Amino acid sequence: MARSPGPLTRKFYAIARISWPGVVSALFLLLLIGATFTVLLIGSGPIRLINDLGKDPYLRQVVGFTLWQASLSTLLSIGMAIPVARAFARQPSFPGRRLVLQLLGLPVVTPVIVAVLGIIAVYGQSGILRDGLQLLGLSWSGRFYGLTGILVAHVFFNFPLSVRMLLPAWDRIPSENWRLASQLGMNSRQLFRWLEWPALTSVLPGTAAVVFLLCFSSFAVVLVLGGGPSATTIEVAIYQALRFEFDPPRAAALALGQLGICTALVLGLHHWIRAQSISRGLASGARYRPDADQSIHRSFDLAVIGLTSTFVALPLAAIVYAGCTGPLSSVLLDSRLWAAAGRSVGIALAAAAVALSLAAGLLVTSRHLVFQLRRRTESDVLQIAGSITLAVPPMVTGTGLFLLLLPLGIAFDLAVLVIILVNATLVLPYMMRTVGPAFLDAGHRYDRLCRQLGMSGWYRLRLADWPIIRRPLGFAVALCATLSVGDMGVAALFDTSGAITLPVLLYHRLGAYRFDEAAVTALALIVLCAVVFLVVDRGIGRWHS
Amino acid sequence: MKFLLRGGFALLTAITYCAQAETEKLTIYTYSSFVSDWGPGPAVKKAFERDCNCELDFVGLEDGAALLSRLQLEGRHSKADIILGLDTNLTTEAAATGLLAPHGLNIDELDLSIDWTDDVFLPYDYGHFAFVYDSEALAVVPGSLEALVQDTSGPQLIIQDPRTSTPGLGLLLWIRVVFGDDAPLAWSQLAPRILTVTAGWSTAYGLFLEGEAPLVLSYTTSPAYHRHVEGTDRYRAAAFSEGHYAQIEVAAKLADSPHQALADRFLVFMLSPAFQDLIPTTNWMFPAGRTSQPLPDAFTGLVQPTRTLLIEPEQVAAHRRAWVREWLEVLGR
C-alpha cells in the first residue's frame, strides 16, 4: 500500500473536532446503560434468571399481569379517545373549547401520586362517586383496589393524551373529501367509515404504542392502587424485591426481564413510535362536514366532551378542595415539607440541566452530520440514542445503580445524585422531541448563511439559533423540570428518610392514611409544579440574546 | 500569617463549641403507628429526653417487618442506633445479619412478665393477633379461623403484607399452624375476599375504620382503644377456637452505633415503668416490663385466647422465604 495515512487521519480529526459533543453524550448514555446491564447480569446470574422465570410461578404471573393490564389500559384509553377526539373535531368552535383541550393536557404533567390521591377521593371504595350513586339509589360493591383502580388511573392519564394525539388526524382529511361526502349524502356512520377511519389508522398505532409503553412501566399507580400480589407490575415487583424482601438477585432478574421486554417492545413498535410527535392538539380542524350542525350530533358531542372533562377535572378539583380545607397551617409549617420541596426543585433543575446538556450534544452533532457531512444515517443514530431510555426504563437504570452502590451503603447524598441522573434520562426523550425539530429548522434556514459568513460556535448559537429555539427550549426545560418534580419511582427506591422528595413524602402520608395531610401536601406539590413550569418557561422563553 | 493563625484558632474554637453545644442524638427505627400522634412515640420521646440531655429521633417505617429489610439494605452505614418493633418471628434472621449487639443486661433483674432468654433482643410488649370486626356491619361473626377461611360467601377483609408487616407475617404463621401443609389451599379460599393487602398495620386499620371492609387483621387488644378513648363497644375482636397467634415485640441496639452508652440507657428505660406505663393506652398491647399502675378497665373483658400459638424463631427463619413465596403465588393468581 502506497497510500499514506495522513489524509485519513486528518479527516478523522476533522470529523472528531466537530462531532465530539454528540459522541460525548452518546458515550455517556452507552456507559450508563452498559453499566446497568452488566451489574444486573452479574447481580442476577444468568442461570438464576432462567431458573427464576422458569420455576417461580409468581414471577410469571407478574409478567402476565403487567402485559394484561397494559393491554386493557390501552384498549380502554384508545376506545374512549376515538369518540371524544371525533366530538372535538366535529365541533371546531364552541365556547371554552380551548380551555377544555388544555384541561385534557393537565394529567400528563400532574404528578402521578397526586392524581392517584384524587382518583381515590372521587372513584375509590368510599369516594364521592359512590356516595353520589348511593344518593341515586344505586350501589356498586366491586373492589376498587386491584385491576379496577389501576385501569381507572391509567385511563385518567392516557385517554386525554390519546385524544390530543389522535386529534391531528382530522386535519389531514382534505376539505374536498368532506365536500364530496356531503354531495353523496353520507350519514355520520358512513363518514366515519370512509373518511375518518382511514385518516385515524395513520396515527392510531403510534398512539396505542406510546400508551402501551407508558402503562407497561407504570409504577406509582400500581404501588398505591394494586392492593396486593394479584395486581403487581414488574416495576413494583422490583421495588418490593429490594425494599420488602431485600433480595437483590431477584430484583436484578426482574429488572433484566423488564429491560428485555421493553427493548423488544420498542424495537417492535419503533416504526410507529418514531412517526409520532407529541402534539399540543390545539388545531381547530374547522372544516365543513355535513353532520356537524345537526343538533342531535351537536348535543351528543357536547355531552361527550362535558362528560369526559368532568371525568378528568373531578379528581383534580377534589385535591384542590381537600387541600384548601385541610390542615393547611400544620402541614405548611412543617420544615420537612419545605426541605423535601427544596430538594425536589433542586433535583428537577439539575436533571433538566443534565438532560439539556445531553440533548444539546446529540442535536449539535446530529445537525452537523446532516448539513455539513451529509450523513443522515449517523445523524439518525444520534437522534435514536436520545430516545433509548424508552427501551431502558428509569426503574431499570435505578436498580442497576442501586446494586452498584449497595456495597457503599445507600447514603442520602448519593441517593440525590442518582435521582438527578436517572430523572435526566427519564426526561431526555421529551427534550429531544421538543427542541430537536426547532434546532433542525434553524439549520435549514441559516446553515448556508452561517457558513458563508464563517459564523460558528457560540456566535452562531446566540445569533442564528437562539431566536428560533428559545421558545421550544423554554417549554422543553420547563416540561422536563415539572415531570421530574412530580416523579416518584427511583426516589422511592432510594429513599431512606421518608421525605427525600415531595412526592415520596406524599406517598408516605398517603400510606399512613393521613388523607387530610396528604391532600394539603398534594396541593403544595401541584403549586410547586406550576411555579416551576411557569418560571422556567417564561424565564427561558423570554430571554433574548 | 499571624492573621491566618488567629483565624484558624477562632474557627477551631467555634467548631469545638458547636460540637459541645450539640446534644447527642439517638436514632430509633420503628413502625409508623408507634410514632403517630396517638402512638407511644411522642410521650416516650418527652419522657426520655427529660433527663438524658439528648435528642430522641424516631423514624417510622411502614411496619415492623420492613425494619429487617431496611437493616439489611443499609448495612453498616445505617443511621439507626436502635431498632424497635421486630417480633420474635424475625429475631433469628435479624441476629444473623451480625449488625446487632448484645444488650448486656441481666434479664433476671428486669422483672419481665414473660419468659425471656435472648441476649440480643429485649421485649417491650406482647399481645395476640385477632380479626377485629365492626359489629354494626357484620352480623355473623366467624368462631374459628377455619370458619373464616371456608365461608366463601363471608365478609371482605383487610390484611397486611407479611414482607413488610409483623401482623401480616403473624397471620401467615397462624394459618400455617392451623392448616399445616394445606395453608396454600386455605389462602386460595380466603383470597377472593381480601379487599386489599396493605404494607402496614396503620393503613389497614385506617381503611377498616373508614368502613371499607367489616373485618381487619389486628389484635385482641384493639377494642380496648375504642372502649377507652371513644367509649364504644362497636369494634370487637373475634375469638377463634383454634387459639390465637402471639406476638412479642422486641428492640435491639446496632453494633456500629456511635452512641452505645445512650442506646444502653434507652433499653433500660424501655423496661422501666416510665415507658411501660405508656404501652397499654398508646400502643394498645400488654406491657412486657414492670408498670407502676394496673391495666386500665378497658382491658377487662377482652378476648382471652383458649390457646397461645407461636412457632419457634429458628423454624420461622428456616421457612419464612418459602412460605412468603407460596403466599405470593397463591394471592397472585
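Begin by selecting Phe246(A), which sits in the loop between α13 (234–243) and α14 (248–275) of chain A. The model is a predicted one, and the backbone at this position merits a check of the torsion angles. Phe246(A) is not a glycine, yet its phi is positive, at about 45°. Is Phe246(A) buried or exposed? Its relative accessibility is 16%, and therefore Phe246(A) counts as buried, the cut-off being under 20%.

Next, select Tyr239(A) and Phe244(A) and display their rings. A pair of aromatic rings is described by the distance of the centres and the angle of the planes. Over all chains the count comes to 35 aromatic pairs. Tyr239(A) and Phe244(A) form one such pair, edge-to-face, with 6.0 Å centre to centre and 65° between the planes. The label edge-to-face applies because planes over 60 degrees apart are counted in that way. Tyr239(A) counts as buried because its relative accessibility is 3%. Phe244(A), at 7% relative accessibility, likewise counts as buried.

Move now to chain B and select Tyr124(B) with Phe275(B). This aromatic pair is also edge-to-face: the centres are 6.3 Å apart, and the angle between the planes is 80°. Which parts of chain B does the pair tie together? Tyr124(B) belongs to strand β5 (residues 122–134) and Phe275(B) to helix α12 (residues 273–276), so the pair ties together parts that are 151 residues apart in sequence. Both Tyr124(B) and Phe275(B) are buried.

Extend that selection to the surrounding rings. One aromatic cluster is formed by Tyr31(B), Phe34(B), Phe48(B), Phe58(B), Tyr124(B), Phe266(B), Phe269(B) and Phe275(B). Showing these side chains together places the Tyr124(B) and Phe275(B) pair within its cluster.

The following stop is Thr91(B), in helix α5 (residues 88–96) of chain B. With a relative accessibility of 5%, Thr91(B) counts as buried. Which residues are in contact with Thr91(B), once its neighbours within four places in sequence are left aside? They are Phe121(B), Val250(B) and Pro313(B).

Now select helix α4 (residues 64–74) of chain B. Of its 11 residues, 10 are buried, so the helix is largely enclosed by the rest of the structure. The buried residues of α4(B) are Gly64(B), Ala65(B), Ala66(B), Leu67(B), Leu68(B), Ser69(B), Arg70(B), Leu71(B), Leu73(B) and Glu74(B). Arg70(B) and Glu74(B) are thus included among the buried residues. An α-helix has 3.6 residues a turn, so residues three or four places apart point the same way. Just after α4(B), select Gly75(B), where phi is positive at about 55°.

A further backbone feature is found at Asp111(B), in the loop between β4 (100–101) and β5 of chain B. Asp111(B) is a residue other than glycine, and its phi is near 60°, a positive value. Is Asp111(B) buried or exposed? At 45% relative accessibility, Asp111(B) counts as partly exposed.

Finally, select each chain as a whole, starting with chain A. Chain A comprises 24 helices and zero strands. Its C-alpha atoms fill a box of roughly 95 × 70 × 50 Å along the principal axes. The radius of gyration of chain A is 25 Å, which agrees with the value near 24 Å expected for a compact globule of 545 residues. Of the 545 residues in chain A, 54% are buried. Among contacts between residues at least 6 apart in sequence, 82% join residues at least 24 apart. The accessible surface of chain A is about 23900 Å², and carbon and sulfur atoms hold 67% of this area. Colouring by charge shows 43 positive and 24 negative side chains in chain A, with the centres of the two sets 9 Å apart.

Chain B contains 14 helices and 12 strands. The box filled by its C-alpha atoms, along the principal axes, is roughly 85 × 40 × 40 Å. Its radius of gyration is 22 Å, in agreement with the value near 20 Å for a compact globule of 333 residues. Buried residues account for 58% of the 333 residues in chain B. Of the contacts in chain B with a separation of 6 or more, 77% involve residues 24 or more positions apart. Chain B exposes about 14000 Å², with 53% supplied by carbon and sulfur atoms. Chain B carries 23 positive and 41 negative charges, and their mean positions are 8 Å apart.

Conventions:
Residues numbered from 1 in each chain as written. Chains lettered and ligands numbered in written order. Heavy atoms only, no water. Helix = DSSP H or I, 4+ residues; strand = E, 2+ residues; numbered from the N terminus. Rg over C-alpha atoms; globule rule 2.2 N^0.38 Å. Buried < 20%, exposed > 50% of the residue type's maximum accessible area, 1.4 Å probe, protein only. Contact = heavy atoms within 4.5 Å. Areas by Shrake-Rupley, 256 points an atom, 1.4 Å probe, with all protein chains shown as cover. Lys, Arg positive; Asp, Glu negative; His and termini not counted. Charge placed at Lys NZ, Arg CZ, Asp CG, Glu CD. Phe/Tyr/Trp six-rings, centres within 6.5 Å; stacked < 30°, edge-to-face > 60°.
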